Amino acid sequence: MQKKRDIFNEMIKETPLQIEQKAEGSVFQVVNFRTISKSMTDVEFSKWLTIDKRVSCLPLSAFYNSRDNSDYIRFSFAKKDELIIQALEHLKRSL
């Protein structure tokens with residue numbers, strides 16, 4: 001999984017999404033999306049990215065009891081390398 005994480009993290013650097021802490025011991029990478037939208041909630045941004053840009057992610061607020069808005073979304077990199085590369089190439093072109 002480390003190889004998949006490294007592919008994901010290197011390619012996401014070419015998008016406006018920002019990694020603040022590298023995932024360790026997980027198949028999920030948390031990224032900050034505020035350089036793309038300052039007005040959308042993390043739920044709204046996740047829906048927009050999944051529906052309009054066709055790359056699936058989850059809002060980080062979904063994992064907290066408070067349901068407060070967050071500046072973060074979560075991607076899974078437990079996918080085939082080709083799919084990770086295809087998704088990040090698509091994001092690079094469309095964000």
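In which helix is the place of Glu89? Glu89 belongs to helix H3, as the last of the following close-up views of this predicted model sets out.

**Figure 1. Aromatic pair formed by Phe8 and Phe77 in the predicted model.** A search of the whole structure finds four aromatic pairs. In the pair shown here, the ring centres of Phe8 and Phe77 are 6.5 Å apart and the planes enclose an angle of 35°, a tilted arrangement. The pair connects distant parts of the chain, 69 residues apart: Phe8 lies in helix H1 (residues 2-12), and Phe77 lies in the loop between strand S3 (72-76) and helix H3 (81-94). Phe8 and Phe77 are both buried. Together with Phe75, these two residues make up one aromatic cluster.

**Figure 2. Aromatic pair of Phe45 and Trp48 within helix H2.** The ring centres of Phe45 and Trp48 are separated by 5.3 Å; the planes meet at 50°, so the pair is classed as tilted. Phe45 and Trp48 are three residues apart in helix H2 (residues 42-51), and about one helical turn therefore separates them. An α-helix has 3.6 residues a turn, so residues three or four places apart point the same way. Phe45 is buried, with a relative accessible area of 0%, whereas Trp48 is partly exposed, at 23%.

**Figure 3. Arg74 over the ring of Phe28.** Arg74 is placed over the face of Phe28, at a distance of 3.5 Å from the ring centre.

**Figure 4. The largest nonpolar core and the surroundings of Leu17.** This core comprises 18 residues. Phe8, Ile12, Leu17, Val31, Leu49, Ile73 and Phe75 have the most contacts inside it. Two or more residues each come from H1, H2, S3 and H3, and H1 contributes the most, with four. Leaving aside residues up to four places away in sequence, Leu17 touches a series of residues that includes Ile12, Val31, Phe45, Ile73 and Phe75. Its further contacts include Asn32, Phe33, Thr35, Ile36, Leu91 and Leu95.

**Figure 5. The open three-stranded sheet.** The strands are arranged in the order S1-S3-S2, with antiparallel pairing. Strand S1 (28-32) and strand S2 (58-59) are the edge strands; each has a single partner strand, so one side of each lacks a neighbour in the sheet. S2 and S3 run antiparallel and are joined by two bridges. Ile73 in S3 is the bridge partner of Pro59. Ile73 is also among the residues with the most contacts inside the largest nonpolar core.

**Figure 6. Helix H1 lying across the sheet strands S1 and S3.** H1 runs at about 15° to S1. The buried residues of H1 are Lys4, Arg5, Ile7, Phe8, Asn9, Met11 and Ile12. S1, S3 and H3 are among the elements that cover these buried residues. Of the residues listed, Phe8 also takes part in the aromatic cluster with Phe75 and Phe77, and Ile12 is one of the residues touched by Leu17.

**Figure 7. Glu89 in helix H3 and its separation from Ser37.** Glu89 is partly exposed, with a relative accessible area of 27%. Between Glu89 and Ser37 the separation is 52 residues in sequence and 20 Å in space, from C-alpha to C-alpha.

Technical notes. Residues numbered from 1 in each chain as written. Predicted model: local features only at pLDDT ≥ 70, side-chain atom pairs only at ≥ 80, totals over all residues. Heavy atoms only, no water. Phe/Tyr/Trp six-rings, centres within 6.5 Å; stacked < 30°, edge-to-face > 60°. Buried < 20%, exposed > 50% of the residue type's maximum accessible area, 1.4 Å probe, protein only. Lys NZ or Arg CZ within 6 Å of the ring centre and 35° of its normal. Core = buried A, V, L, I, M, F, W, Y, C linked by side-chain atoms within 4.5 Å. Contact = heavy atoms within 4.5 Å. Pairing = 2+ DSSP bridges. Axes fitted to C-alpha atoms, helices over the stretch in contact; angles between N-to-C directions.
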